[in-house]
Amino acid sequence: MGEYLSSFREGELVYYLYAKGRKEIGSDVVRRRTQLIGHTLMRNEVYISFQPEQWREEYTLKWDNKAIVADA
């Protein structure tokens, strides 16, 4: 599997696809390790734990040139 995916440790192992892996599954989405990885992992844990019927991922509320981004 090493030619398709890699991993790094962020408290736990986080796996991601190399270009060859993305091509194999037909995905164009490139995910990169960013400073927000801890936040993303916590958000995913909330989703998995509570299994909400409705989930909108980080939608934005805008008004008068202001905005709030809601996570969950």
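**Two hairpins, a helix and an aromatic cluster**

Side chains alternate along strand E1: Ser6 and Phe8 point to one face and are buried, while Leu5, Ser7 and Arg9 point to the other and are not. Such alternation between the two faces of the sheet is found in a regular strand. The model is predicted, so that local features need pLDDT of at least 70 and side-chain atom pairs count only at pLDDT 80 or more, whereas totals for chains, interfaces and linings use all residues. Residues are numbered from 1 along each chain as its sequence is written, and side-chain values use heavy atoms, with hydrogens and water left out. Helices (H or I, at least four residues) and strands (E, at least two) are DSSP runs, numbered from the N terminus. Buried denotes a relative accessible area under 20%, exposed one over 50%, and partly exposed a value in between (1.4 Å probe, protein chains only).

Strand E1 covers residues 5-9 and includes Ser6. Its partner is strand E2 (residues 13-17), with which E1 pairs in the antiparallel sense over five bridges; two strands pair if DSSP finds at least two bridges between them. Within this pairing, Ser6 has Tyr16 as its bridge partner in E2, and Phe8 has Val14. Three residues lie between the strands of the hairpin, in which Gly11 takes a positive phi near 80°.

The surroundings of Ser6 can be described further. Ser6 counts as buried because its relative accessibility is 17%. When residues up to four places away in sequence are not counted, Ser6 touches Val14, Tyr15, Tyr16 and Tyr18, where contact means heavy atoms within 4.5 Å. With the side chain of Tyr18, the side chain of Ser6 also makes a polar contact of 3.4 Å. A polar contact is a pair of N or O atoms within 3.5 Å; within protein, one must be able to donate a hydrogen and the other to accept it, and residues adjacent in sequence count only if both atoms are side-chain atoms.

Two aromatic pairs are present in the structure. The pair of Phe8 and Tyr16 is tilted because the ring centres are 6.1 Å apart and the planes stand at 45°. The pair of Tyr16 and Tyr18 is edge-to-face, at 6.2 Å centre to centre and 85° between the planes. Rings of Phe, Tyr and Trp (its six-membered ring) pair if their centres lie within 6.5 Å; planes under 30 degrees apart count as stacked, over 60 as edge-to-face and the rest as tilted. Ring pairs thus link Phe8, Tyr16 and Tyr18 into a cluster. Phe8 counts as buried, at 13% relative accessibility. Tyr16 is partly exposed, with a relative accessible area of 30%, and Tyr18 is likewise partly exposed, at 37%.

Helix H2 has 14 residues and reaches 20 Å from its first C-alpha to its last, close to the 20 Å expected at 1.5 Å a residue; the expected span is 1.5 Å times one less than the number of residues. Among the residues of H2, Ile37, Leu41 and Arg43 are buried. These residues lie on the same side of H2 because they cover an arc of only 160° around the axis, the arc being that of the directions from the helix axis to the C-beta atoms. Met42, Ser49 and Phe50 are exposed on the other side of H2. E1 and E2 are included in what covers the buried residues of H2.

Ile48 belongs to H2, which spans residues 37-50. Ile48 is exposed, with a relative accessible area of 59%. A distance of 15 Å separates the C-alpha atoms of Ile48 and Gly38, which are 10 residues apart along the chain. Just after H2, Gln51 takes a positive phi of about 45°.

A second antiparallel pairing joins strand E3 (residues 60-63) and strand E4 (residues 66-69) over four bridges. Thr60 stands opposite Val69 in E4. E3 and E4 form a hairpin with two residues between them. Asp64 lies in the loop between E3 and E4, as does Asn65. Phi of Asp64 is near 40°, a positive value in a residue other than glycine, and Asn65 also has a positive phi, near 60°. Asp64 is exposed, with a relative accessible area of 66%, and Asn65 counts as exposed at 88% relative accessibility.
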